[in-house]
Amino acid sequence: MLTRNCLSLLLWVLFDGGLLTPLQPQPQQTLATEPRENVIHLPGRRSHFQRVKRGWVWNQFFVLEEYMGSEPQYVGKLHSDLDKGEGTVKYTLSGDGAGTVFTIDETTGDIHAIRSLDREEKPFYTLRAQAVDIETRKPLEPESEFIIKVQDINDNEPRFLDGPYVASVPEMSPVGAYVLQVKATDADDPTYGNSARVVYSILQGQPYFSIDPKTGVIRTALPNMDREVKEQYQVLIQAKDMGGQLGGLAGTTTVNITLTDVNDNPPRFPKSIFHLKVPESSPIGSAIGRIRAVDPDFGQNAEIEYNIVPGDGGNLFDIVTDEETQEGVIKLKKPLDFETKKAYTFKVEASNLHLDHRFHSAGPFKDTATVKISVLDVDEPPVFSKPLYTMEVYEDTPVGTIIGAVTAQDLDVGSSAVRYFIDWKSDGDSSFTIDGTEGTIATNELLDRESTAQYNFSIIASKVSNPLLTSKVNILINVLDVNEFPPEISVPYETTVCENAKPGQIIQIVSAADRDLSPAGQQFSFRLSPEAAIKPNFTVRDFRNNTAGIETRRNGYSRRQQELYLLPVVIEDSSYPVQSSTNTMTIRVCRCDSDGTILSCNVEAIFLPVGLSTGALIAILLCIVILLAIVVLYVALRRQKKKDTLMTSKEDIRDNVIHYDDEGGGEEDTQAFDIGALRNPKVIEENKIRRDIKPDSLCLPRQRPPVEDNTDIRDFITQRLQENDVDPTAPPYDSLATYAYEGTGSVAESLSSIDSVTTEADQDYDYLTDWGPRFKVLADMFGEEESYNPDTVT
């Protein structure tokens with residue numbers, strides 16, 4: 001199928017492109033000569049029935065880059081078959097670089113490059129050629145494209161674009177171990193000649209490394225390169241073109257190679273014996289010394305683990321690794337005693353944590369050293385023979401009786417005497433004393449177990465040679481009990497019995513308590529007293545388990561005959577000496593139902609017709625009292641309310657008093673306040689003239705002498721009373737008339753807006769400036785001209 005499609009496409013190109021024409025008889029024609037190199041032939045127009053070849057037959061042109069000649073570089077020539085050499089054909093050139101890089105002779109068709117070209121900047125140029133008739137300016141041939149390629153020369157050296165390089169390879173690697181691959185780039189044409197053929201070589205770095213001349217792969221050239229001997233290597237690589245031949249260009253780069261560490265060295269102690277000195281007073285867990293093994297490796301390959309080899313004294317010490325310094329820190333596990341042992345010797349082993357199996361054949365990666373520790377003597381405090389002393393004493397022991405002793409010794413080489421004394425900060429210091437030399441403890445006062453059953457205090461021992469060195473021990477003294485208190489009956493001391501009780505019925509179980517410290521296994525016994533054993537109404541049954549029961553001895557009891565019974569009970573203990581006591585129990589007779597539930601135990605309830613208890617009666621009476629109190633309170637409130645209403649109605653004078661409560665909005669507000677509301681609406685008449693007290697016209701301020709005893713106010717009131725007496729429109733005499741009087745103390749006189757001039761423009765406020773600094777703001781306010789005239793307030 002593919003072959004058939006290709007053949008079809010080829011036939012279409014041959015016929016449609018003009019390369020082949022229909023087979024028709026044609027006249028014999030002489031073919032043009034074959035074109036020369038760098039010459040484009042343009043065939044002329046032929047008869048319609050002649051076989052015509054393409055209008056352009058051209059070759060690809062080449063021009064040498066970096067041409068430095070004095071004359072333009074000749075590139076090629078255009079020629080048309082219609083050009084007979086008569087000068088009637090004009091050649092034109094267009095496209096990339098036409099006129100700037102390339103020029104054409106319009107008559108001969110010669111093409112020249114007029115400047116030096118760089119292939120790395122532009123490898124080829126695409127141009128278009130055209131043959132035009134000089135006279136008619138019409139194309140003789142169709143326009144066609146051709147390419148001018150810039151021919152490469154070796155003018156670029158190889159470059160390492162990624163250099164300088166950094167690489168690493170493990171130490172002790174075998175010969176030929178891969179390190180790094182470098183690559184150089186040459187900008188010359190790799191398809192033309194050897195200008196871009198690069199060969200690699202090492203200029204510096206031999207004999208440690210080698211490089212593949214074609215691939216640029218760097219490998220190790222020596223075996224067992226040791227990082228501990230030399231860690232850093234600088235290798236100089238050269239890349240040369242022209243296949244490395246003489247005359248080629250070269251470029252270089254640097255490769256910094258580092259040998260990485262492997263664990264090829266075991267740890268080693270710098271010396272075989274370490275001597276340490278430790279005071280015997282060193283606390284447990286403290287660091288008493290450090291040792292170190294040296295490992296020339298790096299990082300985790302140099303991590304060391306230390307262990308104590310089992311042996312003499314190794315169980316008293318422990319060793320751990322300091323992660324920062326890789327030192328072995330020796331710590332104390334148990335206390336040291338110079339008097340017991342003065343020196344310890346053991347071995348410490350140092351080994352690597354991370355081993356490399358490739359180097360096992362070199363031997364074990366561990367080392368051993370001996371540690372000798374000398375214990376230093378320290379002056380220590382006395383040591384008690386026991387960590388705790390426990391003693392016992394009876395509570396009735398006489399004062400001064402020795403109850404025990406403590407012992408402390410100075411274990412140092414130069415033994416010193418010891419002194420004892422009680423720690424006065426602890427309890428029990430006043431109840432006991434201690435002999436400072438012998439350490440014996442004696443009572444200092446009578447002891448009472450019921451008051452204090454145990455004493456806990458401390459005794460201090462100090463060295464005579466150095467009193468500052470002391471040690472302390474706790475003393476625990478238990479006070480033993482002496483049977484001095486008789487047992488007593490435990491609560492309750494009172495119980496009840498039903499009237500319908502039967503003989504042999506247990507009505508109460510009692511137990512005993514003893515203030516003495518009863519020893520284990522002590523028993524209490526219960527019985528009736530001898531005087532109560534004659535015709536007893538009740539008896540005591542001892543259960544032999546430190547409890548007893550009160551048992552009835554008769555059939556039925558009557559509250560009317562006897563309400564209370566007193567039962568004496570004797571209780572004895574089993575300690576030595578035996579102590580006993582008689583305890584009287586009170587038994588109350590109560591009324592019970594058939595099931596034995598107590599209904600009532602009071603004598604008064606016998607005479608009540610209904611079975612109401614005293615508590616129920618009290619509750620009923622309390623409710624009645626509360627209801628009566630509520631009724632009395634309600635009636636009192638009603639009377640008080642009625643009295644207030646009558647008083648209010650008698651004192652009401654609202655028919656004679658007119659209240660006005662409108663303040664208005666000030667002098668400039670003429671809409672919110674009606675001055676007519678101040679008049680009596682019953683006597684106002686339309687024809688009456690308004691009777692306002694008109695103040696004198698505003699004038700310059702004048703000083704008035706002060707009036708003694710307010711005579712001006714008295715005159716003002718007298719004047720207003722006379723005016724109301726003669727005024728037919730005034731309110732009735734029993735009405736209240738209010739007048740506002742400003743007085744004479746104000747320098748500005750009255751500031752009321754009543755009877756003011758119609759407009760503020762007619763008023764002169766210049767006199768305000770003469771009133772002094774207190775009225776400066778007011779003078780500035782009214783001294784300015786207003787843009788509006790407010791209505792006059794009436």
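A residue is called buried here when its relative accessible area is under 20%, and Thr 220, at 1%, is therefore buried. Keep that cut-off in mind during this tour, which moves through a predicted model.

**The whole chain**

Begin with everything displayed in a cartoon view, where the chain shows four helices and 40 strands. Of its 794 residues, 32% count as buried, while the surface that the chain exposes comes to about 50,700 Å², with carbon and sulfur atoms supplying 54% of that area. If you draw contacts between residues with a separation of 6 or more, 66% of them join residues that stand 24 or more positions apart.

**Thr 220 and its surroundings**

Select Thr 220 next, which you will find in strand β13, residues 217-220. What does its side chain reach at 2.8 Å? The partner at that distance is the backbone oxygen of Pro 174, and the side chain of Thr 220 also reaches the backbone nitrogen of Ala 177, at 3.0 Å. Widen the selection to the residues that Thr 220 touches, leaving out those up to four places away in sequence, and you will meet Val 169, Val 175, Gly 176, Val 179, Tyr 208, Phe 209, Ser 210 and Met 225, among others.

Continue to Asn 224, in the loop between β13 and β14 (232-240). Asn 224 has a relative accessible area of 52% and so counts as exposed, and its phi is near 55°, a positive value in a residue other than glycine.

**Two cis peptide bonds**

Now select Gln 206 and Pro 207, which are joined by a cis peptide bond with omega about 5°; Pro 207 lies in the loop between β11 (199-204) and β12 (209-211). A further cis bond runs from Gly 163 to Pro 164, with omega near -5°, and Pro 164 is placed in the loop between β8 (144-151) and β9 (165-170). Most residues other than glycine have a negative phi, and most peptide bonds are trans.

**The nonpolar cores**

Which residues touch the most other members of the largest nonpolar core? Show Phe 269, Phe 317, Ile 330 and Val 371 as sticks, since these hold that place among the 24 residues of the core. Then colour the strands that each supply at least two of its residues, including β16 (273-279), β19 (317-321), β20 (327-332) and β22 (366-376). Apart from this core lies another, of 23 residues, with Leu 180, Phe 209, Val 235 and Ile 257 among them.

Centre the view on Ile 330 and, setting aside its neighbours within four places in sequence, look for its contacts, which include Leu 276, Ile 288, Ile 291, Phe 317, Ile 319, Phe 346 and Val 371. In soluble globular proteins, nonpolar side chains tend to be buried together.

**A nonpolar patch on the surface**

For a contrasting stop, select Leu 617, Ile 620, Leu 621, Ile 624 and Leu 628, which make a nonpolar surface patch of about 460 Å². Ile 620 sits in helix α2, residues 614-650, and because its relative accessibility is 44%, Ile 620 counts as partly exposed.

**A last loop**

Finish at Asn 546, in the loop between β36 (538-542) and β37 (547-552). Is Asn 546 buried or partly exposed? At 23% relative accessibility, Asn 546 counts as partly exposed, and its phi is near 70°, again a positive value in a residue other than glycine.

Definitions and conventions: Residues are numbered from 1 along each chain as its sequence is written. This is a predicted model: local features need pLDDT of at least 70, side-chain atom pairs count only at pLDDT 80 or more; totals for chains, interfaces and linings use all residues. Side-chain values use heavy atoms; hydrogens and water are left out. A nonpolar core is a set of buried Ala, Val, Leu, Ile, Met, Phe, Trp, Tyr and Cys residues joined through side-chain atoms within 4.5 Å. Buried means under 20% relative accessible area, exposed over 50%, partly exposed in between (1.4 Å probe, protein chains only). Contact means heavy atoms within 4.5 Å. Patches are made of residues with over 30% relative accessible area and no salt bridge: like charges are joined within 9 Å, nonpolar side chains (Val, Leu, Ile, Met, Phe, Trp, Tyr) within 5 Å. Accessible areas come from the Shrake-Rupley method with a 1.4 Å probe; for residues, only the protein chains shown count as cover. A salt bridge is a side-chain nitrogen of Lys or Arg within 4 Å of a carboxyl oxygen of Asp or Glu. A polar contact is a pair of N or O atoms within 3.5 Å; within protein, one must be able to donate a hydrogen and the other to accept it, and residues adjacent in sequence count only if both atoms are side-chain atoms.
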